[in-house]
Amino acid sequence: AFAQCVVDAGLTWIGPKPQCIALMGDKIQARTRMQADGVPVVPGFACDDFSVVGCAAARVNAAGIGYPLIIKDPRGGGGRAMRAVWAAEDFDAAFTAVAAEAKKLTGSVLLLVEKYIQQGRHIEVQVAGDGKQFIHLFERECSIQRRHQKIIEEAPCNFVDSAVLEKMYAAAVTAARAVNYDSIGTVEFIVTPEQEFYFLEMNTRLQVEHAVTELTTGVDLVALHLQLAGSRSLPLQQTDIVRRGHAIECRLYAEDPAAGFRPSAGMLRQVTLPQHPYVRVEHDLRSGAEISPFFDPMIAKSSAFGITRAECIAHAVQFLTQ
C-alpha cells in the first residue's frame with residue numbers, strides 16, 4: 001500500500017511494482033503462481049475457516065500430508081505467527097494460537113498448513129530483473145536459525161550438490177520471470193536431506209544478508225537497486241556475475257541468553273567495536289543510545305570474507321571474540 005502511494009504521488013519507488021509486492025508477499029498466492037510455472041512448492045493447503053469446525057476440517061487435511069507440519073500466517077514473516085506441529089493431538093492448540101497471532105499481526109483471514117521439512121537447509125537465491133531480463137547472483141545458505149529467525153548466513157553453500165544448486169538458480173529466475181519482476185529480490189527454498197528443493201517465498205526487497213552476496217560477487221546490490229529504479233533497465237548479464245571467495249554474516253542481537261534469548265531492551269552504556277581488515281560491520285550503535293523493545297532485536301551485523309571457508313570462519317571468530 002505504501003509503495004502504491006509513492007507511485008500515485010508521482011515519485012520514483014525504489015523497488016518492484018506494488019502489485020508484485022502484494023502477490024509475492026502473500027505466501028498462498030505466491031505458491032499458486034509458482035505451481036503454475038513449474039516451480040516445486042512444499043506440500044500443503046490453505047484454510048480460511050478459523051472456527052472449531054474449520055480447525056477440525058484442517059486437522060483432517062493435515063493427516064493426509066503427514067506430521068510434522070508447520071502452520072503459518074501467509075502474510076507474516078520473521079518467525080512470527082508460525083508454529084511447528086509434531087503430532088495430531090497438538091494440531092488444534094497450534095492452529096488456534098497461529099490464527100490469533102495472525103489476526104493481531106496482519107489481519108490475515110487465511111492460514112497456510114505445510115509439510116515441515118526436518119533437517120532441511122534454507123537456501124535462497126538472489127535475483128534481479130527489469131521486467132524483461134532476469135539474472136541470478138548465486139545462493140546464500142541461511143540454515144542456522146532460532147525460532148525461524150536467521151542468525152548466520154553464508155555464501156557459497158558447501159552442503160548442497162552443485163547440480164541441485166544449478167536447478168535452484170533456474171527455478172529462481174523462473175519465479176522472477178513469472179511475475180515480471182523489475183527490481184532486486186530473493187527467492188527462498190528449503191532443501192531436504194535427499195537434495196529435493198521446494199519454493200518457500202520471495203522477498204521483494206533488499207535483505208539483511210545481502211552483504212555476503214556483495215562480498216563474493218563484487219556487485220553493489222544497493223547501487224543496482226537504485227539503477228533499476230531509475231532506468232528500469234538491467235545493466236548486467238548473467239555472464240557478468242562471477243563469484244570468488246567465501247563470506248559469512250553474523251547477526252548481532254540484543255538478547256538475554258539466560259532468559260531463553262528473550263529480546264533485551266535498555267541503555268547502551270558503552271559501545272566499542274573492534275576493527276578487522278576482512279570484516280564489514282553495519283550498525284547504528286552509540287554509547288548512550290536506547291535499544292527499544294518495539295523493533296526486531298537485531299542491532300548490528302558483521303560480514304567476514306576469506307578466500308576459503310576456513311579462512312572466512314577464522315576472520316569471523318576473531319572479530320566476534322575480540
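This is a short tour of the structure, stop by stop, with a selection to make at each one.

**Start with confidence.** You are looking at a predicted model, so colour the chain by pLDDT before anything else. The mean for the chain is 94, and 100% of its residues reach 70 or more. Now select residues 27–36, which make up helix H3: confidence is lowest here, at a mean of 91. Then jump to helix H7, residues 210–217, where confidence is highest, at 98.

**Helix H2 and its neighbours.** Select residues 18–25 to bring up helix H2. Which residues of this helix are buried? They are Pro 18, Cys 20, Leu 23 and Met 24. To see what they pack against, add helix H1 (2–8), H3 and strand E9 (197–203) to the view.

**A patch on the surface.** Next, show the surface and pick Ile 14, Val 222 and Leu 226. Together these residues form a nonpolar patch with about 240 Å² of accessible area. Val 222 belongs to helix H8, residues 221–231. Is Val 222 buried or partly exposed? Its relative accessibility is 37%, so Val 222 counts as partly exposed.

**Aromatic pairs.** Switch to sticks for the ring side chains; the model has 6 aromatic pairs. One of them joins Trp 86 and Tyr 116 in an edge-to-face arrangement, with 5.4 Å centre to centre and 85 degrees between the planes. Trp 86 sits in the loop between strand E3 (82–85) and helix H5 (91–105), while Tyr 116 sits in the loop between strand E4 (111–115) and strand E5 (121–129), so this pair ties together parts that are 30 residues apart in sequence. Trp 86 is partly exposed at 49% relative accessibility, and Tyr 116 is partly exposed too, with a relative accessible area of 23%.

Now select Phe 138 and Tyr 169. Their ring centres are 5.7 Å apart and their planes lie at 85 degrees; edge-to-face requires over 60, so this pair is edge-to-face. Which elements does the pair link? Phe 138 lies in strand E6 (residues 134–146) and Tyr 169 in helix H6 (residues 162–178), so parts 31 residues apart in sequence are tied together. Check their accessibility as well: both Phe 138 and Tyr 169 are buried, whereas Trp 86 from the previous pair is partly exposed.

**Last stop.** Finish by selecting Phe 50, Phe 91 and Phe 95, which form one aromatic cluster.

Conventions: Residues numbered from 1 in each chain as written. Predicted model: local features only at pLDDT ≥ 70, side-chain atom pairs only at ≥ 80, totals over all residues. Heavy atoms only, no water. pLDDT = per-residue confidence, 0-100. Helix = DSSP H or I, 4+ residues; strand = E, 2+ residues; numbered from the N terminus. Patch = residues over 30% accessible without salt bridge, like charges linked within 9 Å, V, L, I, M, F, W, Y side chains within 5 Å. Areas by Shrake-Rupley, 256 points an atom, 1.4 Å probe, with all protein chains shown as cover. Salt bridge = Lys/Arg side-chain N within 4 Å of Asp/Glu carboxyl O. Buried < 20%, exposed > 50% of the residue type's maximum accessible area, 1.4 Å probe, protein only. Contact = heavy atoms within 4.5 Å. Phe/Tyr/Trp six-rings, centres within 6.5 Å; stacked < 30°, edge-to-face > 60°.
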